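These are my notebook entries on a model that I went through by chain pairs, rings and annotated spans. The coordinates come first, and the entries follow.

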There are 6 protein chains.
Amino acid sequence: MARADGRSPDRLRPVKITRNWLAHAEGSVLVEFGGTKVLCAASVQDSVPRWRRGSGLGWVTAEYAMLPRATNTRGDRESVRGKIGGRTHEISRLIGRSLRACVDYKALGENSVVLDCDVLQADGGTRTAAITGAYVALADAVAWMRKRRMCPGDPLVGSVAAVSVGVVGDTPLLDLCYTEDVAAEIDMNVVMTGAGEFVEVQGTAEGVPFGRPMLDTLLDLAAAGCVELTELQRQALA
Amino acid sequence: MARADGRSPDRLRPVKITRNWLAHAEGSVLVEFGGTKVLCAASVQDSVPRWRRGSGLGWVTAEYAMLPRATNTRGDRESVRGKIGGRTHEISRLIGRSLRACVDYKALGENSVVLDCDVLQADGGTRTAAITGAYVALADAVAWMRKRRMCPGDPLVGSVAAVSVGVVGDTPLLDLCYTEDVAAEIDMNVVMTGAGEFVEVQGTAEGVPFGRPMLDTLLDLAAAGCVELTELQRQALA
Amino acid sequence: MARADGRSPDRLRPVKITRNWLAHAEGSVLVEFGGTKVLCAASVQDSVPRWRRGSGLGWVTAEYAMLPRATNTRGDRESVRGKIGGRTHEISRLIGRSLRACVDYKALGENSVVLDCDVLQADGGTRTAAITGAYVALADAVAWMRKRRMCPGDPLVGSVAAVSVGVVGDTPLLDLCYTEDVAAEIDMNVVMTGAGEFVEVQGTAEGVPFGRPMLDTLLDLAAAGCVELTELQRQALA
Amino acid sequence: MARADGRSPDRLRPVKITRNWLAHAEGSVLVEFGGTKVLCAASVQDSVPRWRRGSGLGWVTAEYAMLPRATNTRGDRESVRGKIGGRTHEISRLIGRSLRACVDYKALGENSVVLDCDVLQADGGTRTAAITGAYVALADAVAWMRKRRMCPGDPLVGSVAAVSVGVVGDTPLLDLCYTEDVAAEIDMNVVMTGAGEFVEVQGTAEGVPFGRPMLDTLLDLAAAGCVELTELQRQALA
Amino acid sequence: MARADGRSPDRLRPVKITRNWLAHAEGSVLVEFGGTKVLCAASVQDSVPRWRRGSGLGWVTAEYAMLPRATNTRGDRESVRGKIGGRTHEISRLIGRSLRACVDYKALGENSVVLDCDVLQADGGTRTAAITGAYVALADAVAWMRKRRMCPGDPLVGSVAAVSVGVVGDTPLLDLCYTEDVAAEIDMNVVMTGAGEFVEVQGTAEGVPFGRPMLDTLLDLAAAGCVELTELQRQALA
Amino acid sequence: MARADGRSPDRLRPVKITRNWLAHAEGSVLVEFGGTKVLCAASVQDSVPRWRRGSGLGWVTAEYAMLPRATNTRGDRESVRGKIGGRTHEISRLIGRSLRACVDYKALGENSVVLDCDVLQADGGTRTAAITGAYVALADAVAWMRKRRMCPGDPLVGSVAAVSVGVVGDTPLLDLCYTEDVAAEIDMNVVMTGAGEFVEVQGTAEGVPFGRPMLDTLLDLAAAGCVELTELQRQALA
């Protein structure tokens with residue numbers, strides 16, 4: 001099976017990580033996975049949520065959203081509808097959880113970083129691009145804090161990257177674009193540390209359940225993709 | 001490490017599936033995984049959502065919720081707060097997706113089944129208990145429909161069960177209760193078909209990332225648990 | 001006129017009060033009036049609402065809700081619709097007001113009890129069953145508090161029970177089931193203390209206004225019903 | 001006990017019913033019970049709610065609200081808070097139910113009348129003033145419809161008026177003003193037809209439960225008050 | 001072009017300013033511009049919004065709303081719809097901004113005045129009538145505060161009035177009624193101080209853009225109207 | 001007074017109009033006025049809002065929003081708060097009104113164009129940048145429609161541009177940046193056609209009211225700015 005853009009099944013799309021895209025944010029990245037463009041802004045706050053006050057520990061959280069015309073047909077704004085949809089909630093939670101995996105709350109001190117991931121253009125893999133870009137924005141925000149001696153230690157204990165894998169027409173594919181995503185029988189998002197360990201594995205059978213061998217193949221594919229993304233993050237931050 | 005209730009690490013809690021718990025619903029089950037009690041009601045509707053009308057295909061969806069005092073300390077009602085939280089959204093979507101994995105939409109015809117899973121008492125694993133119980137309620141609702149010749153074929157192409165696994169103090173455990181869930185370094189929910197294939201795998205590192213061998217161990221544990229749950233579903237429906 | 005279940009007009013349906021139905025709540029009761037099943041949970045909080053702080057007085061409040069498939073056809077969840085309906089509001093307020101009639105706020109101290117009344121199955125009279133059951137849950141919660149010496153005195157100054165009465169086809173009936181309720185020309189809910197005094201009288205002409213003699217007959221019927229319910233509460237708490 | 005304004009216990013406050021207060025509404029009344037001023041507007045619509053279409057029957061409904069500075073201290077707007085409170089819901093439902101008691105839906109045809117009752121100034125008894133005034137606005141709206149031959153018959157089968165009664169310091173009082181209402185041990189609202197029958201009886205013990213003799217006294221007091229109000233409505237409409 | 005009510009193009013409608021229309025508010029005015037009736041209530045609060053606390057400065061704000069049957073056809077209540085519309089928001093902000101132009105925050109001290117402007121009947125120019133009436137209510141509220149020595153100085157540094165102008169069929173008109181407003185090609189609202197300076201100019205081309213000479217003509221017309229309104233405010237307050 | 005960036009008082013900031021910034025939208029522009037960056041997406045729909053169906057006329061509307069970290073300190077998302085603020089409403093309405101001034105609804109046919117203006121980075125003048133950029137996106141969307149022969153005629157009857165003017169320390173300034181905007185005594189937004197006529201004039205005294213001469217000076221300044229912006233739009237579209 002040939003992919004729409006001629007990639008081999010185990011290849012990422014061209015990935016571009018542009019730092020300091022915004023003037024105000026303590027860290028900001030425009031991350032592109034092919035046609036998917038996500039603007040990631042890291043905002044530092046010298047306070048923590050109420051339930052964490054006085055603990056000496058920091059916090060990292062995320063909010064994901066899509067501009068109405070990021071997609072092929074225009075979607076309603078969640079602000080206009082007056083509520084956030086289930087998919088938005090789910091992805092925001094996933095991004096926050098993923099980034100917290102590389103954070104030492106104690107070393108962060110009673111500070112927070114909020115990661116806003118706004119999809120400007122969507123072509124599949126928006127959540128994995130968001131996680132990959134948000135890590136770089138977070139790293140910049142942490143550097144900003146450390147320069148100002150806001151943190152008692154180094155809050156970053158590793159790096160985090162994410163990629164989607166899936167099966168289309170029996171072929172396991174890395175980093176699905178939108179048309180592949182829609183056609184996929186299996187859809188999996190994998191978040192890994194730079195050290196090659198798992199932070200999050202979310203696999204879903206869309207239509208046909210899958211056996212252990214296919215699961216293993218997909219995990220291998222994702223692991224290789226995350227190694228590449230980790231290297232790209234490293235280069236961007238160099 | 002000894003478990004609070006003395007179970008060995010690879011044992012389920014006592015599971016109880018009580019059918020026909022409600023008078024009005026076409027299928028209804030009170031499912032208990034130890035102290036976790038979920039009331040699953042299957043409601044048949046002879047119509048489908050707007051976006052599916054005229055397709056000849058049916059639909060299955062789910063809504064999950066928790067009574068305010070299902071938990072140790074009382075939680076606010078989502079109806080009073082005026083919005084559904086991210087966790088509720090996420091679990092409702094998971095249950096719906098999981099059950100759709102065993103449904104043939106064409107054989108269902110243009111009918112819907114809504115699965116309401118209300119947690120009356122929570123002690124960990126509410127989402128996996130909900131999926132396991134909802135399958136039985138769905139099976140009863142499908143039997144009800146077939147008796148009335150509402151469906152062009154047999155909409156059930158298999159069965160679905162779910163269980164949680166996790167790691168507490170380096171020990172992999174099956175079917176975590178609440179205190180174990182809170183202490184877990186890794187938390188995973190696995191949904192499988194009665195034929196032993198994966199429908200959904202959701203693993204999260206809570207604190208410490210995990211390697212491939214631990215992932216494999218947890219998947220083995222979950223697979224064995226799902227085999228047991230499938231047998232209990234079969235007995236309940238016999 | 002014969003009643004659907006063969007009862008004479010002045011008879012209650014079989015009433016069942018099961019205490020300690022839930023593991024976590026300080027008081028909990030599954031109350032059944034025939035096919036109507038309401039789960040009443042009493043939650044103790046060692047604080048009071050903001051407007052009452054520093055007064056030395058306690059507070060008791062209630063929230064009523066119905067599971068979506070408690071009824072014959074599935075109803076939308078109020079959490080999904082994003083707002084609470086007028087009927088729910090009205091009944092929650094009635095339950096709270098009724099229970100406060102047997103509470104000495106000073107003896108309660110600055111503590112609160114929240115009574116969650118969730119209708120698991122509805123067959124008429126859900127609000128009167130809720131009040132009758134919630135009183136027992138409240139009594140258990142108060143006992144729990146007194147054991148822990150949380151209250152300066154005995155906060156319970158009496159008991160409270162409630163029943164519906166109505167007129168169907170000119171016949172005054174006690175404790176209407178759903179089909180009777182729908183057919184009723186007059187519908188009345190009466191809340192009384194164990195000492196036989198009125199806490200709340202709510203009578204509504206559905207279609208045809210009624211004269212004083214009919215009002216008197218209905219009040220007599222309700223008073224007799226409340227005496228019976230008070231006795232059943234007493235037995236349950238013995 | 002002397003009343004603040006020197007009235008005897010069984011006297012109404014000065015009642016003023018001003019018709020045609022608004023230019024646009026098909027019926028409109030500014031009703032005053034002493035310092036309580038409610039603007040009642042009846043809006044005719046040549047349609048009915050969806051659930052009633054095709055039935056040949058009409059519908060009457062009501063919405064009650066209070067301006068923010070109707071009261072002694074300013075209250076938040078429900079539109080700003082984004083939701084309607086329980087009290088507002090409850091009173092809107094009461095007004096609608098009360099007025100429907102004097103309406104023949106068949107004679108109304110498939111038309112609706114909406115009664116908006118907005119409290120411009122509050123001094124106790126706003127709901128009973130609203131019902132009493134809304135009846136006159138409804139009568140004007142019905143006359144407007146009949147002149148245009150919109151109705152197959154005469155939709156008004158009687159009249160409806162309402163008054164509050166209560167007990168302050170053991171004295172039963174008619175038509176309580178705000179300071180009396182706050183001090184009342186028992187609070188009752190009674191809606192009656194012009195023919196002297198009950199449409200709605202809502203009595204609540206605020207603090208101390210009450211016996212049957214007191215209930216009887218209050219009903220007598222309310223019945224006499226409603227006779228007076230009915231006469232005032234008749235004069236206003238003459 | 002003759003105007004519906006025979007006015008010449010540069011004439012205001014009959015304006016009526018009735019002070020002390022409400023019993024509870026510290027200042028209250030029923031203002032009428034022809035058929036437009038707005039009830040303006042000024043509420044004094046001895047506090048300021050959170051963001052202004054400790055500044056020693058006061059605050060003035062406004063909320064505008066329309067009763068559902070103020071207009072020719074009934075509109076839905078914003079409280080029922082659960083959100084405030086854009087037009088309401090916009091006008092509330094305009095009124096607040098306009099009145100703040102004549103207030104010395106320092107002389108007001110840490111006190112607030114909230115101006116509720118509720119349209120009881122609408123016939124064009126509701127926002128300009130609201131501003132004109134609200135100024136008088138504010139002046140009364142300020143007098144009330146000064147009598148109680150709540151303010152360190154005189155918070156009123158001038159007066160404010162507002163009027164609409166527009167172009168219908170090429171004729172510039174002052175103070176448009178509803179039918180003129182609907183037909184207008186240009187619509188402008190002008191807020192001026194009693195000293196003849198501009199506080200707010202909001203002009204909109206409805207359909208056809210306009211040149212500088214027409215803008216000048218409309219500003220002249222508005223300025224003359226505001227002079228007249230200022231005199232009427234002065235007389236009302238005398 | 002020297003401006004922060006050394007501009008003379010009557011100079012625009014560097015303006016950049018990048019077309020086709022998005023892959024999916026029928027027209028899209030990233031417009032920059034100095035540090036202000038707004039992404040304008042025009043979405044074509046072959047339908048009109050319900051109230052306009054069957055009229056043969058088209059519709060153009062707009063929605064404005066700001067990303068949470070467009071500003072110096074992070075703002076809450078309106079989707080998370082569950083409602084749209086007054087400022088957002090006001091600006092969305094202004095943009096829609098402004099663009100409709102250059103549209104012939106009849107020539108558009110029963111089609112709609114929605115203009116989403118999302119502020120990625122804010123440094124003053126976001127609404128005027130949005131209008132100026134949205135016109136270009138609209139022109140591209142109209143060209144897209146005409147190529148597909150969706151419109152009965154040419155819907156664009158002119159062009160529209162907008163600029164802010166204001167007074168800081170007595171000096172009239174064109175195109176204020178954020179720090180100037182905050183310091184301004186007078187703040188005005190002017191929307192003009194390419195033919196030099198006014199579409200919208202919104203001037204507000206922030207603190208000190210202003211006389212007619214100052215108003216005239218500001219209008220001259222704005223008119224000159226709009227001539228420049230019109231030329232830049234023309235070049236971008238060439």
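**Chain pairs without contact.** I looked up chain B and chain E in this predicted model and found no contact between them. Their closest C-alpha atoms lie 11 Å apart. I then turned to chain C and chain F, which do not touch either; for this pair the nearest C-alpha atoms are 11 Å apart.

**Chain A against chain F.** Here I did find an interface: 35 residues of chain A are in contact with 35 residues of chain F. I noted a buried area of about 2800 Å² between chain A and chain F, with 52% of that area given by carbon and sulfur atoms. Which residues of chain A lose the most area to chain F? I recorded His24(A), Arg69(A) and Arg74(A), which together make up 25% of what the chain A side buries.

I next looked up charged pairs across this interface. The count between chain A and chain F is 12 salt bridges. I noted one with Asp118(A) and Arg77(F) as partners, where the N to O distance is 3.0 Å.

**Lysine over tryptophan.** Between chain A and chain F I also found Lys37(A) over the face of Trp21(F), 4.6 Å from the ring centre. I looked up Lys37(D) as well: its charged end sits over the ring of Trp21(E), at 4.7 Å from the centre.

**Aromatic pairs.** My search of the whole structure gave 21 aromatic pairs over all chains. I examined the one formed by Trp51(E) and Trp59(E), whose centres are 4.9 Å apart and whose planes stand at 85°. That pair is edge-to-face because its planes are over 60 degrees apart.

Are these two tryptophans buried or exposed? Trp51(E) has a relative accessible area of 56%, so I entered Trp51(E) as exposed, the cut-off being over 50%. Trp59(E) reaches 16% and is therefore buried, which requires a value under 20%.

In chain A, I found Trp51(A) and Trp59(A) joined with Tyr105(A) in a cluster linked by ring pairs.

**Annotated spans in chain A.** I consulted UniProt, where an unreviewed entry lists "domain: Exoribonuclease phosphorolytic" at residues 12-141 and 159-223 of chain A. For residues 12-141 of chain A, I noted 30% helix and 31% strand, with the end C-alpha atoms 27 Å apart. For residues 159-223 of chain A, I noted 28% helix and 45% strand, and an end-to-end C-alpha distance of 14 Å.

Note on methods. Residues numbered from 1 in each chain as written. Chains lettered and ligands numbered in written order. Predicted model: local features only at pLDDT ≥ 70, side-chain atom pairs only at ≥ 80, totals over all residues. Heavy atoms only, no water. UniProt positions renumbered as here; feature names shortened; annotations may be inferred. Helix = DSSP H or I, 4+ residues; strand = E, 2+ residues; numbered from the N terminus. Phe/Tyr/Trp six-rings, centres within 6.5 Å; stacked < 30°, edge-to-face > 60°. Buried < 20%, exposed > 50% of the residue type's maximum accessible area, 1.4 Å probe, protein only. Lys NZ or Arg CZ within 6 Å of the ring centre and 35° of its normal. Contact = heavy atoms within 4.5 Å. Buried area = accessible area lost by both parts, 1.4 Å probe. Salt bridge = Lys/Arg side-chain N within 4 Å of Asp/Glu carboxyl O.
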